[in-house]
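Dear colleague,

I am passing on the structure we spoke about, and my notes follow directly below it. Please read them with the coordinates open.

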Amino acid sequence: MHDLSPITALGGSAARVETVGAVTLTERPDVALASVAARRGQAEACATALTRLLGAAAPAPGKSSAGDPFSAVWMGPGQWMLSADFTTHEDIAAMLKDALADMASITEQTDAWTCFDLTGQGAFAVLELLCNVNLTTFHAGNATRSTIHHLGCFVICTEPDTSVRIIGPRASAGSLHHAITTAMAAAL
Amino acid sequence: MIINHPLLGPRDSAEFVYLGTADLMNRPDPDTATPEDWHDYAYLRDNPAGTHRELWFHDGGDRSILIVTRDTITHEISAVELALKTRAEA
Amino acid sequence: MTPKNRLDGGQIDRNTTLSFSFDGKQYTGHPGDTLASALLANNVRLMGRSFKYHRPRGPMTAGSEEPNAIVELRSGARQEPNTRATTAELFDGLAARSQNRWPSLKFDVMSINDRFSNFLTAGFYYKTFMWPAAFWEKLYEPIIRKAAGLGSLSMQADPDDYDKGFRHCDLLIVGAGPAGLSAALTAGRSGRQVIVADEDFRMGGRLNAETFEVADMAGADWAAQAVAELSAMPNVRLMPRTTVIGAFDHGIYGAVERISDHLPTPPTGKPRQILWRIYSGQTLLCAGATERPIAFNNNDRPGIMLAASVRAYVNRWAATPAQRVAIFTNNDDGHRTARDLHAKGVKVAAVIDTRADAPGAIDYEVLSGAQVVDTKGRLGVTFVELKLADGNSRTIECGALGVSGGWNPNVHLTCHQRGRPQWNGALAAFVPGGTLPPGMIVAGAANGAFSTHGALKSGADAARKALGLEGRAPELPQAEDAPVTQTPFWYVEGCSRAWLDQQNDVTVKDVKLSHQEGFRSVEHLKRYTTLGMATDQGKTSNMGGLAIMAELAGKAIPEVGTTVFRPPYTPTAIGVLAGRMRGTEFHPTRLTPSHYWAQERGAVFVEVGNWLRAQWFPLPGETHWRQSVDREVMATRASVGVCDCTTLGKIDVQGVDAAAFLNKLYCNGFAKLAVGKTRYGLMLREDGIAMDDGTAARLAEDHFVVTTTTANAGKVYQHMEFVRQCLMPDADVQLISTTEAWAQFAVAGPNSRRLLQKIVDPDVDISNDAFPFMACGNITVCGGLRARLFRISFSGELAFEIAVPARYGDALMRRLMAEGEEFDVTPYGTEALSVMRIEKGHAAGNELNGTTTALNLGMGRMVSRSKDSIGSKLSERPGLNEDDALMQVGLRPVSRDDKITAGGILMRADGPVDAAHSQGYVTSAAFSPTLGSMIGLGFLKDGGVRTGETLRLVSPLTDLTVEVEVEVVSPHFVDPEGERLRA
């Protein structure tokens with residue numbers, strides 16, 4: 001076991017939590033991420049293999065799939081972002097490589113991103129100040145890439161108006177966090 | 001503008017980066033092209049007042065490049081295709 | 001005590017009294033009041049001075065079309081000039097001031113302009129202040145600006161926040177008058193997603209200002225009931241205080257919501273305003289209509305208002321502008337004002353109707369076929385002079401005059417794309433026409449349906465049409481359906497100083513003058529006279545100007561056409577267009593993994609793109625940045641230095657065809673690069689110009705990691721996607737950025753290997769044999785952490801770049817510092833990095849500047865002729881390969897103390913100094929502590945064979961008198977044979 005201590009994307013040793021009104025923003029450093037991109041001609045085989053891994057169909061465009069241990073978000077044609085618990089799946093890329101063999105190109109993405117959960121009644125009122133996602137049709141299991149504060153983010157709906165996951169670029173975690181918390185103060 | 005993404009549905013054009021004419025996909029064949037062909041490809045652009053086929057890169061989305069057929073006068077968009085699919089099937 | 005002109009009734013909350021001040025004097029009003037209604041209730045008619053002539057002015061309207069009652073609100077940094085008193089919601093403690101007057105509103109010195117009005121006609125400024133030219137900026141403009149009627153800025157930063165937001169709906173309804181509410185009820189009951197936006201703080205539009213009944217109740221009550229029903233619908237979002245300012249492509253609308261303007265200051269954390277981007281499937285424009293005035297001499301005195309606005313003040317705000325009011329009208333609508341005034345107990349002095357067949361009245365005098373020809377009263381109207389039907393004159397005493405010339409549909413938003421209004425003869429008005437914004441339907445008065453029933457019906461019908469609702473049309477509430485005919489009557493014959501545009505002081509005479517001087521296009525009329533160019537954009541004045549122009553030209557109004565309406569519909573604060581993106585939040589900031597550590601070390605940071613990078617690390621006692629940078633360079637070259645280079649773009653390229661893909665991207669070959677090796681690569685644009693450079697490391701047969709320059713990371717990724725999707729669709733290639741996933745540090749200097757040996761795990765052999773120059777590999781560090789190691793060098797020293805997952809970057813940097821203590825390890829910043837790369841002669845952004853080719857960069861032979869790559873063909877063009885082509889060279893001052901300036905131009909040792917004789921230019925310059933003088937990199941004609949030549953360096957942009965003698969040398973100032981980096 002190595003002896004380097006990690007810091008979160010916001011620079012702390014523990015996850016940051018902010019609450020305004022009924023809505024809480026939680027930094028989630030405990031999410032491991034890896035991208036899975038099907039090799040040419042392997043999209044269907046790859047989707048089938050992912051279905052086995054996820055215990056549910058590989059998400060279609062604009063969708064996500066939540067499971068245990070793996071969840072997935074559609075990223076692009078033949079491409080998915082898989083996530084799992086960091087403590088048990090820090091080596092998510094290697095695990096997926098074993099599972100998907102030559103079907104797909106796997107790239108570790110854990111620390112390319114910072115993950116935030118926005119939970120509580122009124123989360124959508126915050127979200128509408130942040131990005132152009134159509135919230136009138138943003139149901140559980142919907143996921144999209146959108147721009148927040150000029151940052152390309154994944155926005156995933158786990159429960160309309162009460163639970164949203166935002167995954168944004170790690171190096172800009174401070175700016176993203178600032179944007180979300182000011183929107184919380186403005187909207188709630 | 002709204003671009004109707006073939007996979008993701010209507011998306012704000014602000015999510016895209018404009019890459020120019022769809023003619024850029026027709027790169028000259030390096031084995032047979034003349035210097036004039038290369039010159040035309042690199043430098044000559046039509047500037048139609050009307051229908052224009054152009055490339056839009058979904059930078060803020062799924063990273064697909066779309067071929068958008070757009071009327072440059074009215075901004076009406078009459079067709080949207082995935083560049084990769086279109087090329088691969090051609 | 002109830003103010004003098006406060007009436008009974010109205011939609012104000014009399015249980016609460018608000019106090020406010022105007023020009024320092026205290027008044028009272030109630031919630032529901034606007035500043036204008038409260039001032040009128042307090043018998044204040046005079047609210048401002050006009051722009052050019054400084055004539056006394058009072059409110060002309062009761063809404064956003066107001067040209068006259070323009071005031072400054074608040075004080076200090078929140079002071080807001082040019083605000084309409086007619087829309088400013090009253091709050092307790094509001095402090096308002098009149099503008100454009102000195103020393104006071106009632107006695108304004110500049111009103112002397114009015115006496116010189118014969119000179120100050122249209123075009124006065126253009127004609128008068130022409131000579132001498134130098135006087136314009138220094139003398140004329142400052143004087144004119146001071147005299148001209150705009151409010152003053154606080155000159156302080158706006159303390160308030162603004163937000164942007166996004167909303168989606170099936171149907172956007174713009175305007176919540178009878179048409180809008182009727183449409184909203186129809187659409188809302190269907191269950192579809194509906195947004196209703198209205199600029200007023202109270203929805204209902206004209207229903208709040210009229211005494212008509214709707215469904216056997218007061219119109220205002222029906223409106224309140226409709227609003228209550230809509231509020232209860234989860235699928236309907238009501239947005240009062242929200243102005244739709246523009247109609248953009250494909251159903252996107254811009255709307256400004258005033259969140260806190262009705263409060264003394266925004267509550268903590270709340271924005272002042274929000275700019276909403278509304279994505280609508282369909283849109284109903286129910287923006288109503290604006291009453292138009294009639295021009296007659298001195299029609300601008302305080303107290304002279306639009307008749308329906310008088311009615312609005314009386315009915316909605318229980319405020320009358322005077323105790324004795326006359327009406328001047330050319331249509332039936334004006335008579336409604338007289339009836340409502342009378343019902344409220346206000347004396348109607350007379351109704352002057354231009355029509356010979358005007359309807360009569362019992363309660364007050366109606367003068368048919370009569371006209372108002374002039375008015376009197378210094379700071380407000382006191383008398384109006386009439387010309388009666390029989391030609392006789394008569395004077396009537398009154399404190400206010402309501403004027404009605406008919407109504408103009410509010411077509412503005414229909415024109416924001418390609419719509420051009422059409423003339424409707426029966427209404428003598430422009431109605432929506434041409435190509436409306438796709439998805440827009442116009443209903444109610446905005447479409448010429450002027451009766452209440454007409455508005456209710458057209459709103460409901462339009463909503464059904466827009467949403468494709470089937471089934472029986474809903475029952476409509478009972479409402480008046482008076483037929484409306486309007487006949488043109490723009491101005492009173494023989495008038496001259498009759499105001500059309502009251503905000504910009506444009507008179508009938510000015511329009512005539514403009515015609516006389518040959519301005520025939522309506523757009524020219526507008527620019528020459530400034531008609532319609534004030535903050536109200538001519539909402540009450542454009543039509544009159546057009547009509548007079550048409551008459552003078554002997555044309556019909558539709559032949560003359562209208563000017564083009566553009567966004568925004570009403571004045572919009574610049575702050576709301578910026579939203580939160582200002583100050584340090586102007587763009588997102590990217591922090592490197594070692595940022596917090598660097599902060600602790602007292603690093604000085606520099607913005608590189610969005611990144612904050614450590615520029616240098618000052619030590620105690622260092623007072624000049626050069627001391628720090630020189631030390632960092634010397635220490636690195638002497639022992640070992642560490643620099644965070646995470647910011648370089650990193651792109652993962654995988655797939656069976658990854659090597660073939662890189663072969664296409666880079667001008668040099670990558671197909672034969674062995675696994676475990678790294679290679680420098682140069683990317684060209686298709687036109688043969690260098691685009692970016694970096695390295696590609698082959699981690700596996702089908703896996704490369706490509707690096708790009710920090711600045712070009714996004715652009716290169718985009719280019720790679722273009723090549724992948726558009727040029728090589730059949731190739732098996734997968735791309736993804738990993739820039740931020742890995743913390744990457746350069747460890748450079750003769751002791752770099754010894755330092756790293758303390759970091760990497762024991763089984764990792766990084767000896768020169770096992771891990772030679774340009775090697776790469778996946779390794780483990782610090783007891784098992786996955787890492788990547790590259791033996792590449794930007795400094796010219798023996799160097800490595802080591803990468804670990806970003807979350808461990810901070811700890812790794814601290815570990816490197818701790819383990820490096822025995823080698824006096826030195827962190828270095830971007831300045832030292834830059835000095836070292838110049839000393840080594842490495843090209844960077846200054847050299848890859850969008851004009852240079854591989855040949856210019858001294859890498860001409862790198863362009864592979866044995867394969868096709870982007871830009872390879874056009875890089876062979878004769879024009880890019882001339883004998884005297886620019887070549888990268890090194891430069892040293894002959895006198896070692898001289899300075900080399902980047903951007904300087906190279907000239908021969910003798911001969912003229914001009915552009916025609918330029919030999920090249922300097923791209924990068926730095927003080928080299930290694931060499932003890934300044935050094936430079938530059939491009940020199942035929943530079944490959946001019947080593948040893950002395951040139952003159954000049955800098956035309958700074959000081960042409962300074963010439964520096966420089967010697968042409970190899971660009972590789974340090975270790976030209978590359979022995980150090982292979983050690």
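Into which domains is chain C divided? In this predicted model, the assignment gives domain 1 (1-153), domain 2 (162-289 + 409-467), domain 3 (308-404), domain 4 (489-553) and domain 5 (882-983). The centres of domain 3 of chain C and domain 4 of chain C, taken over C-alpha atoms, are separated by 25 Å.

The unreviewed UniProt entry annotates residues 595-867 of chain C as "domain: GCVT N-terminal". Helix accounts for 26% of that span and strand for 28%, and its end C-alpha atoms lie 43 Å apart.

Turning to the contact between chains, 39 residues of chain C meet 40 residues of chain A. On the side of chain C that touches chain A, at least two residues each come from β8 (162-174), β33 (590-591), β37 (649-654), β41 (734-737) and α20 (809-819) of chain C, and β8(C) gives the most, with five residues. By character, the residues of this side of chain C comprise 14 nonpolar, 12 polar and 13 charged.

One of these contributors, α20(C), also has a buried portion, made up of C:G809, C:D810, C:A811, C:L812, C:M813 and C:L816. The elements that cover these buried residues include, from chain C, the helices α15 (595-600) and α19 (752-757), together with the strands β36 (641-644), β42 (742-748) and β45 (799-805). Thus α20(C) both supplies at least two residues to the side that touches chain A and holds buried residues.

With best wishes

Terms used
Residues are numbered from 1 along each chain as its sequence is written. Chains are lettered from A and ligands numbered from 1 in the order in which they are written. This is a predicted model: local features need pLDDT of at least 70, side-chain atom pairs count only at pLDDT 80 or more; totals for chains, interfaces and linings use all residues. UniProt positions are given in the numbering used here, feature names are shortened, and annotations may be inferred rather than shown by experiment. Helices (H or I, at least four residues) and strands (E, at least two) are DSSP runs, numbered from the N terminus. Domain bounds come from an automatic or database domain assignment. Two residues are in contact if their C-beta atoms, placed from the backbone, lie within 7 Å. Ala, Val, Leu, Ile, Met, Phe, Trp, Tyr, Cys and Pro count as nonpolar, Asp, Glu, Lys and Arg as charged, and the others, Gly among them, as polar. A residue is buried if 20 or more other C-beta atoms lie within 10 Å of its own, exposed if 12 or fewer, and partly exposed in between; C-beta atoms are placed from the backbone.
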